[in-house]
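I opened this notebook page to record how the helices pack and what the cysteines do. The entries below follow the order in which I looked things up.

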Amino acid sequence: MMTAVQIIQTICPELADSPSLSQYVQMATESLSSHFFGKQYNQAVAYKACHLFTVTKKSELNDAINIGGGAVNHLQEG
């Protein structure tokens, strides 16, 4: 079974090379339940850490603009 860091190295090398890797993994670990995810816990941690890294990453065009959207204000299925 791969660790969360090994999964991140595979799916998001940019985060794997970041000095903030351990902080993103820690934030993801603290917000997810190992009981809920079971055998897929390390994968869930890796995906959550990558998600957090991506939405907080600064835009290459302008350091003042964050990549991502605004607050969620509506949920819809379909």
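**Entry 1: α3 against α5.** I began with two helices, α3 and α5, whose axes come within 8 Å and cross at roughly 125 degrees. Axes here are lines fitted to C-alpha atoms, for helices over the stretch in contact, and angles run from 0 to 180 degrees between N-to-C directions. That crossing angle makes α3 oblique to α5, because angles under 35 degrees count as roughly parallel, over 145 as roughly antiparallel, 65 to 115 as roughly perpendicular and the rest as oblique. I noted the crossing of α3 past α5 as right-handed; a crossing is right-handed if the near helix is turned clockwise from the far one by less than a right angle, and left-handed if anticlockwise.

**Entry 2: basis of the values.** The model is predicted, so I record that local features need pLDDT of at least 70 and side-chain atom pairs count only at pLDDT 80 or more, whereas totals for chains, interfaces and linings use all residues. Residues are numbered from 1 along each chain as its sequence is written, and side-chain values use heavy atoms, with hydrogens and water left out.

**Entry 3: overall make-up.** I found five helices and zero strands in the protein chain; helices (H or I, at least four residues) and strands (E, at least two) are DSSP runs, numbered from the N terminus. Of the 78 residues of the chain, 24% count as buried. Buried means under 20% relative accessible area, exposed over 50%, and partly exposed in between (1.4 Å probe, protein chains only).

**Entry 4: residues between α3 and α5.** Which residues of α3 meet α5? I listed Y24, V25, M27, A28, T29 and S31 in α3, which meet Y41, V45, K48, A49, L52, F53 and T56 in α5. Contact means heavy atoms within 4.5 Å.

**Entry 5: the two sides of α3.** In α3, I found L21, Y24, V25 and A28 buried. These residues lie on the same side of α3, because they cover an arc of only 100 degrees around the axis; the arc is that of the directions from the helix axis to the C-beta atoms. On the other side of α3, S22 and E30 are exposed. The cover over the buried residues of α3 includes α1, α2 and α5.

**Entry 6: α1.** I turned next to α1 (residues 4-11), where A4, I7 and I8 are buried. An arc of only 100 degrees around the axis holds them, which puts them on the same side of α1. Their cover includes α2 (13-16), α3 (21-31) and α5 (41-56).

**Entry 7: α1 against α5.** The axes of α1 and α5 come within 8 Å and cross at roughly 50 degrees, and α1 is therefore oblique to α5. This crossing, too, I entered as right-handed. From α1, the residues A4, I7, I8 and I11 meet N42, Q43, V45, A46, Y47, A49 and C50 in α5.

**Entry 8: cysteines.** How many disulfides does the structure hold? I counted zero disulfides, a disulfide being a pair of cysteine sulfur atoms within 2.5 Å. C12 is in no disulfide, and the nearest cysteine sulfur, that of C50, is 4.1 Å away. I also checked accessibility: C12 is buried, with a relative accessible area of 13%, and C50 counts as buried at 8%.
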